[in-house]
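User: Could you take a close look at the charged pairs here and walk me through how they are placed? I work at the bench, so plain terms would be welcome.
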Amino acid sequence: MNRQFADDLGTDLARGHVLEWAELYALDAISADERRTIDAFLADTDPAVGATFMERVRTCRETVTVAYAAEQVDPPANLFERIVARLPGTADDADPMPGQDGMPALASATAHPAAHDAGQDELAQRRTARASMSSRAARWVVAAAAAAVFAVGGVTIAQNLQQITLQEQVLQASDVRTAQLSLAAGGTADLAVSGEENAAVVTLSGIPAPTPGHVYQMWRIPADGTDPVSVGTMSGEDVAGTKVTELEDISGFSAIAITVEPDGGSATPTLPIVAQIPLGA
């Protein structure tokens, strides 16, 4: 997970960090109210973001399946307790040092009734303290415990989460710039650009279909005035809904242009340009 969680789900969603919750959603490590909130958010957000979220959910669940399909190895009995003890602010609630058998060394309750009662009180206090942990700390417990279980099964969650799309990388970049543009041809273009990722994501929505026998073609426009470089063609079906185009290596290009071309596309743009999307600041 690339970011720390905010104090509440609403703050993360307001910041556009819904993708950070995909693994917790997949592991059922959230409350019913949080699940409903995420479902409602995904229903109203960009379909491309929703698709990316569900892909991460699917991938996480597959990771769990693969981990347990391998030779099963039981984790240490006190693994969860050890993870909790290492969280900030929980050092005072940590269990006593384990004995030689890996379990806490306990005094005899029969021989020392008072000590037994004190131990019960201490145990109750410890449980109360753990139950009152902030939701943020609890989420990190779940994430850390999940990672430990995956490692035991031979597949680590870290390896899995590194396989993120270019769209995710751009949207999560610290320098990401976003804009929504109305196109002269009709419809809109949502743009996200990151210099540190040297990439952009263009999402086209609601663009009218080209005339029969024609397609839309997207071009990179070089900043130095040299010939445009084709990105690819798009049919009317492509642009009627939500068409996401990921662009790598955007340095040296000033804009993205869209033209109408004969079926199969053209080697050079046919004027006029029906839409132009600037990549610069």
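In which helix do D33 and R36 lie, and how many residues apart are they?

Analyst: Happy to. This is a predicted model, in which local features need pLDDT of at least 70 and side-chain atom pairs count only at pLDDT 80 or more, while totals for chains, interfaces and linings use all residues. Residues are numbered from 1 along each chain as its sequence is written, and side-chain values use heavy atoms, with hydrogens and water left out.

D33 and R36 both sit in helix α3, residues 32-44, three residues apart, which is about one turn of the helix. Helices here are DSSP runs of H or I with at least four residues, numbered from the N terminus. The two residues form a salt bridge, with their closest N and O atoms 2.2 Å apart. That term stands for a side-chain nitrogen of Lys or Arg within 4 Å of a carboxyl oxygen of Asp or Glu. Both partners are exposed, where exposed means over 50% relative accessible area, buried under 20%, and partly exposed in between, using a 1.4 Å probe and protein chains only. As background, side chains of opposite charge can pair when their charged atoms come close.

The structure holds five salt bridges. Another of them joins R35 to D28, with closest N and O atoms 2.5 Å apart. D28 is exposed, at 54% relative accessibility.

E23 and R56 give another picture. Their side chains meet in a salt bridge at 3.2 Å, N to O. E23 belongs to helix α2 (residues 22-26) and R56 to helix α4 (residues 47-69), so this pair ties together parts that are 33 residues apart in sequence. E23 is buried, at 3% relative accessibility, and R56 is buried too, at 11%. E23 and R56 are also linked with E168 in a network of salt bridges.

Beside E168 in the sequence comes Q167, which lies in helix α9 (residues 166-172). Q167 is buried, with a relative accessible area of 7%. Leaving aside neighbours within four places in sequence, Q167 is in contact with A48, T52, V201, V244 and E246; contact means heavy atoms within 4.5 Å. One of these partners, V244, is 77 residues from Q167 along the chain, yet their C-alpha atoms are separated by 8.9 Å.

To recap the charged pairs, D33 and R36 are both exposed, whereas E23 is buried, as is R56.

How values were computed
Helix = DSSP H or I, 4+ residues; strand = E, 2+ residues; numbered from the N terminus.
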